[in-house]
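Open the model in your viewer and keep the selection box handy. Each stop below says what to select and what is there.

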Amino acid sequence: MVTFINDILPIFSPYIRCMSNVQFASADGVEPGSLGDYDFVKRFHGRILARLKGVNEFGQSVPVMPPGRPLPPEKIALFEQWITEGMQEGVPVV
Amino acid sequence: MKDFKKPAAQFRKSGENYKGIKALLCLVFVSCSFLMNNAYGQHSAKPLPRKNIDSLTSLEKAAYLHAWSILKSRDTFDMGSYLWQAYVHNKPSIILRDGTKAVPGPCEHGTTLFLPWHRAELYYFEQILQQTDPEGKITDANGKTGPGTRNVTIPYWNWLRYPSGKTFPKMFEDKSSVLYRENRFALLDTPLISQKLIAYQVYFLNWLRFGGGPAESPGFGDFEAQVHNPMHNAIGEDMQEQDLAAYDPIFFSFHCFIDHLYDLWLSNHSSADVTSQDYYLRGTQPSYVPKPPGFIAPRKGGQVMGQTDNYFDTKALGYYYEIRGKDALPPKDIMLQYTKNDRQFGAEEKSLHTKLLEGGGYKPSSNPRALILVKGITIPGDSVEQAVAVFAPDAGLDTTNYQVDVYLHPKGTNLSLTNTKFKDRYLVRSIVNWGKGSQRHHHQDMNMGMDMGGHTAPKVSVAMTDELNSLVDIHKKSLWVVSVVVTELEKIPQQKVKGTLDVTFLNEKK
């Protein structure tokens with residue numbers, strides 16, 4: 001089982017500070033990106049996945065994130081697996 | 001991947017329970033607008049026309065320039081200033097004089113929010129223009145007192161027509177004018193975009209194809225990729241970059257015409273088809289500007305300009321488009337000929353997209369330095385739900401602006417950039433990636449000391465479902481080829497574009 005704390009957070013950690021500069025719009029308002037926050041990533045998982053892949057589910061392109069180099073395919077696949085498995089938060093492995 | 005043809009119903013609205021409240025607020029707002037004055041003078045209750053900039057009267061021109069002059073003289077951090085209004089589009093953050101951080105914008109692109117966001121931005125900008133000097137009593141930096149700006153509206157630049165000046169409308173070419181910007185290109189001696197392409201998109205594309213992917217599954221719509229992006233790239237150095245574009249005064253008249261086209265789409269379809277319409281539109285604007293009808297304060301977060309569905313009715317926002325004579329698009333019944341779906345792709349001398357490009361200066365590339373990528377495919381035995389060609393730039397390639405032309409042709413026929421007959425017959429689609437400055441645009445604080453490894457230009461995907469499916473009956477199991485031509489558009493290319501091509505089919509239909 002893929003969890004946020006043990007598997008996804010390490011992938012996103014290098015980009016937390018940079019993405020805090022980006023305002024995410026939703027039906028609730030706008031808020032700064034918070035890739036280190038489980039609830040945030042869970043709420044915006046669809047948008048994040050499209051940006052990681054550079055293509056949405058309808059085959060339309062979108063600027064890829066992270067802006068430096070795209071994540072390796074295996075990390076994107078891990079994020080997709082996390083989504084498919086219900087986006088569990090998990091507990092830290094000691 | 002999901003079907004382009006079906007609107008993403010699950011993305012339309014996530015907050016249905018707000019609908020009744022919004023309707024009530026809208027009714028209250030419209031009623032009160034006939035009675036109330038705001039602090040800057042009486043707000044006109046009657047919707048005002050947005051006109052072609054070349055058809056403004058002398059008084060209207062003077063009022064528009066007077067309003068702009070006042071805007072330009074205001075302090076940078078005055079939200080009613082020209083610079084702040086440019087920041088709303090250009091900047092995700094800015095440090096104020098007291099050292100705190102403000103969040104002016106930035107704009108939305110590559111998503112269903114693209115058109116609503118720019119409409120909201122223009123609404124606020126127009127309101128600010130009107131309130132600069134409603135009574136005509138202020139002397140501006142040019143020494144002119146008045147005229148009154150109460151009825152000023154943003155004039156549109158119809159870039160589908162030949163310019164009244166050498167390259168742009170005359171008002172933008174006057175070097176002494178507040179509207180002048182010296183780093184514009186002198187390339188537009190002909191309308192770049194074809195009227196037929198615009199008309200086809202406005203009349204016949206669904207929202208997903210026209211406006212872009214929903215907020216939770218973002219993606220570029222055809223209008224943005226095939227029209228908006230090439231135009232931005234062609235106008236000037238500022239307009240060529242996402243984080244500089246709104247510094248050029250022509251930006252507002254350019255986007256005003258885009259807003260008119262959005263209005264046309266809405267009048268030919270249903271606003272109910274617009275996805276994510278309860279999403280908020282980011283932007284920090286002056287509090288003295290009346291909120292749009294139906295505005296509901298967000299439950300969380302920073303400054304907003306309202307929600308998408310606050311902006312469907314232009315008359316409720318105080319304006320409408322005056323479209324006369326040659327400013328009108330070709331009628332829908334004339335365009336119907338381009339919707340016949342009994343054509344086999346490649347059987348006619350000119351593909352649909354080639355025909356739609358006729359009349360505009362934008363053409364598929366003939367640049368000998370273009371990158372050409374080729375991938376062989378087998379025509380499937382049955383129609384597919386989705387066929388997409390995806391060009392992926394190499395990782396680490398700096399952001400750049402480039403054109404992507406996609407061809408689909410039988411194996412044994414080779415792409416030649418100088419063979420016009422080949423290109424006319426087999427062109428699927430041509431789009432432009434407008435990416436210059438986007439890294440700074442969304443990641444402003446690039447002095448964070450982080451090595452981001454450069455920037456990766458976005459993938460560009462082009463749908464070719466209809467074209468492919470038209471070949472199934474006669475050419476099933478045959479070998480065909482997808483050829484993609486990628487051309488640098490920047491005047492001084494920073495890096496040669498490199499990348500890979502992938503063609504994916506989704507779910508052959510049973």
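## Stop 1: helix H5 of chain A

Pro73(A), Glu74(A) and Thr84(A) are exposed, on the other side of H5(A) from its buried residues. Now select those buried residues: Ile76(A), Phe79(A), Trp82(A) and Ile83(A). They lie on the same side of H5(A), because they cover an arc of only 115 degrees around the axis. What covers them? Show helix H1 (4–12), H3 and helix H4 (45–53) of chain A, which are among the elements over the buried residues of H5(A).

Next, check the length of the helix. H5(A) runs through residues 73–84, twelve residues in total. At 1.5 Å a residue it should span 16 Å, and its end C-alpha atoms are 16 Å apart, so the two agree. Step just past the end of H5(A) to Gly86(A), which takes a positive phi of about 100 degrees.

## Stop 2: colour chain A by confidence

This is a predicted model, so colour by pLDDT before going further. Chain A has a mean pLDDT of 92, and 99% of its residues reach 70 or more. Where in chain A is confidence lowest, and where is it highest? The low point is helix H2 (residues 16–19), at a mean of 90. The high point is helix H3 (residues 38–43), at 97.

## Stop 3: a sheet with strands from chains A and B

Select S1(A), S2(A) and S5(B). These three strands form an open sheet in that order, with mixed pairing. The edges are strand S1 (23–25) of chain A and strand S5 (300–301) of chain B, each pairing on one side only. Zoom in on strand S2 (residues 29–32) of chain A. Two bridges join S2(A) to S5(B), and these strands run parallel. Label Val30(A): it stands opposite Gly301(B) in S5(B).

## Stop 4: chain B as a whole

Now show chain B alone. It has 15 helices and 14 strands. Of its 510 residues, 59% are buried. Take the contacts between residues at least 6 apart in sequence: 78% of them join residues at least 24 apart. Turn on the surface. The accessible area of chain B comes to about 20500 Å², and 51% of that belongs to carbon and sulfur atoms.

## Stop 5: the loop between S4 and S5 of chain B

Start with Gln285(B), which is in this loop. Is Gln285(B) buried or exposed? It is buried, because its relative accessible area is 7%, below the 20% cut-off. Away from its sequence neighbours, Gln285(B) touches residues including Met79(B), Glu121(B), Tyr124(B) and Met305(B). Draw a distance to Gln303(B): the C-alpha atoms are separated by 7.6 Å, with the two positions 18 residues apart along the chain.

Move on to Pro292(B), in the loop between strand S4 (280–282) and S5. Pro292(B) counts as buried, at 2% relative accessibility. Its contacts beyond four places in sequence include Tyr123(B), Tyr124(B), Met305(B) and Leu317(B).

## Stop 6: two more buried residues

Select Ala199(B) in helix H6 (residues 195–204) of chain B. Its relative accessible area is 0%, so it is buried. Leaving aside neighbours within four places, Ala199(B) is in contact with Leu329(B), Pro330(B) and Met335(B).

Then pick Ser351(B), in the loop between helix H10 (332–335) and helix H11 (352–357) of chain B. Ser351(B) is buried too, at 5%. It touches Phe345(B), Asp424(B), Arg425(B) and Leu427(B), not counting residues up to four places away.

## Stop 7: backbone exceptions

Most residues other than glycine have a negative phi, and most peptide bonds are trans. The remaining selections depart from that.

- The peptide bond from Met65(A) to Pro66(A) is cis, with omega near 0 degrees. Pro66(A) is in the loop between H4 and H5 of chain A.
- Gly105(B) and Pro106(B) are joined by a cis peptide bond, with omega about -5 degrees. Look for Pro106(B) in the loop between strand S3 (101–102) and helix H4 (114–130) of chain B.
- Ser276(B) is not a glycine, yet has a positive phi of about 50 degrees. Ser276(B) is buried, at 2% relative accessible area.
- Lys477(B), also not a glycine, has a positive phi of about 70 degrees. Lys477(B) counts as exposed, at 58% relative accessibility.

Note on methods: Residues numbered from 1 in each chain as written. Chains lettered and ligands numbered in written order. Predicted model: local features only at pLDDT ≥ 70, side-chain atom pairs only at ≥ 80, totals over all residues. Heavy atoms only, no water. pLDDT = per-residue confidence, 0-100. Helix = DSSP H or I, 4+ residues; strand = E, 2+ residues; numbered from the N terminus. Buried < 20%, exposed > 50% of the residue type's maximum accessible area, 1.4 Å probe, protein only. Contact = heavy atoms within 4.5 Å. Expected span 1.5 Å × (residues − 1). Arc of directions from axis to C-beta. Pairing = 2+ DSSP bridges. Areas by Shrake-Rupley, 256 points an atom, 1.4 Å probe, with all protein chains shown as cover.
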